[in-house]
Amino acid sequence: FQADYHLKELSMGEYNQPVLGMRSCFDLSREQGTDEDWSAREWFVVRRAEIHMSEDNVLVPFLKLGVEAREQLLGPEGLEDAPLTRQDHPLVRYAEDFTRNFDLISERKSVIYQLREVAKASVLAKYLLESGVQLGGYWFHVAGVSDAPCCLEVPQLWHDRHYSRVEVLDGEIVDVARKGKDASRRRSVYGGVDFGIDRFRLAAPSRVAMALPMAGRITITSPASTLV
């Protein structure tokens, strides 16, 4: 959840962008010169997931992560995804920029890096389930038990930004509302994390021409001291 929360902060321009040349969705909105309210959601998604097997029978999870975005409209039960999201929507453009630079961003932002590692572990776990691998009980005690405190509260993953336009006429502030205009504008960003790993079939790993050092091996017969 922290990775998704930070994605919203970056997309709204709360922090400097991790890659030179990237702009927040509000910067992109101002660039278009649009003066309309909009709501949209963005989320992390796994775009490609595979299990590779090296020449010496080591399992290597491989995946490509990205960010997707959808425009939202107010429906009878609240906000709903629009039937069609335009490609030049500010949040869609930001999601495309983030996806294009995902590997670089993950090396610069620890929460994004951790999210990618969790996704790799999820892909490997799905492979073990689909292929019917039988693991001994000792595998479930390799890491030990941690009693570190854990916060079970999920932060509210939505943000609104309101802004108003002030008009000055003859040195006096004009009340825009009295002129029949809505003085306030709102841009909303929602989202979450949905890997979508269920749509991938991982039971048959593909062979790759590579070999891992002994420190990075994963064996099935006995637990290894280091997992990758």
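# Reading charges and contacts in a predicted chain

Student: Glu-68 and Arg-70 meet through their side chains in a salt bridge, at 3.5 Å from N to O; which atoms and what cut-off define a salt bridge?

Tutor: The term stands for a side-chain nitrogen of Lys or Arg within 4 Å of a carboxyl oxygen of Asp or Glu, and by this rule the count comes to 15 salt bridges. Please keep in mind that this is a predicted model, in which local features need pLDDT of at least 70 and side-chain atom pairs count only at pLDDT 80 or more, whereas totals for chains, interfaces and linings use all residues. Residues are numbered from 1 along each chain as its sequence is written, and side-chain values use heavy atoms, with hydrogens and water left out.

Student: Are Glu-68 and Arg-70 buried, partly exposed or exposed?

Tutor: Burial is read from relative accessible area (buried under 20%, exposed over 50%, partly exposed in between, with a 1.4 Å probe and protein chains only). Glu-68 is partly exposed because its relative accessibility is 22%, and Arg-70, at 33%, is partly exposed as well. Another pair to set beside them is Asp-88 and Arg-86, whose side chains form a salt bridge of 3.1 Å, N to O; Asp-88 is partly exposed at 41%, and Arg-86 is partly exposed at 28%.

Student: How far apart are the closest N and O atoms in the salt bridge of Asp-4 with Lys-8?

Tutor: The closest N and O atoms of Asp-4 and Lys-8 are 2.4 Å apart. Both residues belong to helix H1, residues 2–11, and since they are four residues apart there, about one helical turn separates them. (Helices are DSSP runs of H or I with at least four residues, strands are runs of E with at least two, and both are numbered from the N terminus.) Asp-4 has a relative accessible area of 0% and is therefore buried, and Lys-8, with 0%, is buried too.

Student: Which residues make up the network of salt bridges?

Tutor: Lys-64, Asp-103, Glu-107 and Arg-116 are linked in that network.

Student: What should I make of Glu-42, which is buried yet has no salt bridge?

Tutor: In such a case one looks for the nearest opposite charge (Lys and Arg count as positive, Asp and Glu as negative, while His and the chain ends are not counted). For Glu-42, which sits in strand S1, residues 38–53, that side chain is Lys-8, 4.5 Å away. The Glu-42 side chain does make a polar contact of 2.8 Å with the side chain of Ser-11; such a contact is a pair of N or O atoms within 3.5 Å, where within protein one must be able to donate a hydrogen and the other to accept it, and residues adjacent in sequence count only if both atoms are side-chain atoms.

Student: With which residues is Ala-40 in contact, leaving aside its neighbours within four places in sequence?

Tutor: Contact means heavy atoms within 4.5 Å, and the partners of Ala-40 include Arg-70, Glu-71, His-89, Leu-91, Ser-188 and Tyr-190. Ala-40 lies in strand S1 and is buried because its relative accessibility is 0%. Ala-69, 29 residues from Ala-40 in sequence, is 6.9 Å from it in space, C-alpha to C-alpha.

Student: How many helices and strands does the chain have?

Tutor: The chain has five helices and eight strands, which run α-α-β-β-β-α-α-α-β-β-β-β-β from the N terminus on. Of its 228 residues, 37% count as buried, and residues 24 or more positions apart account for 72% of the contacts with a separation of 6 or more.
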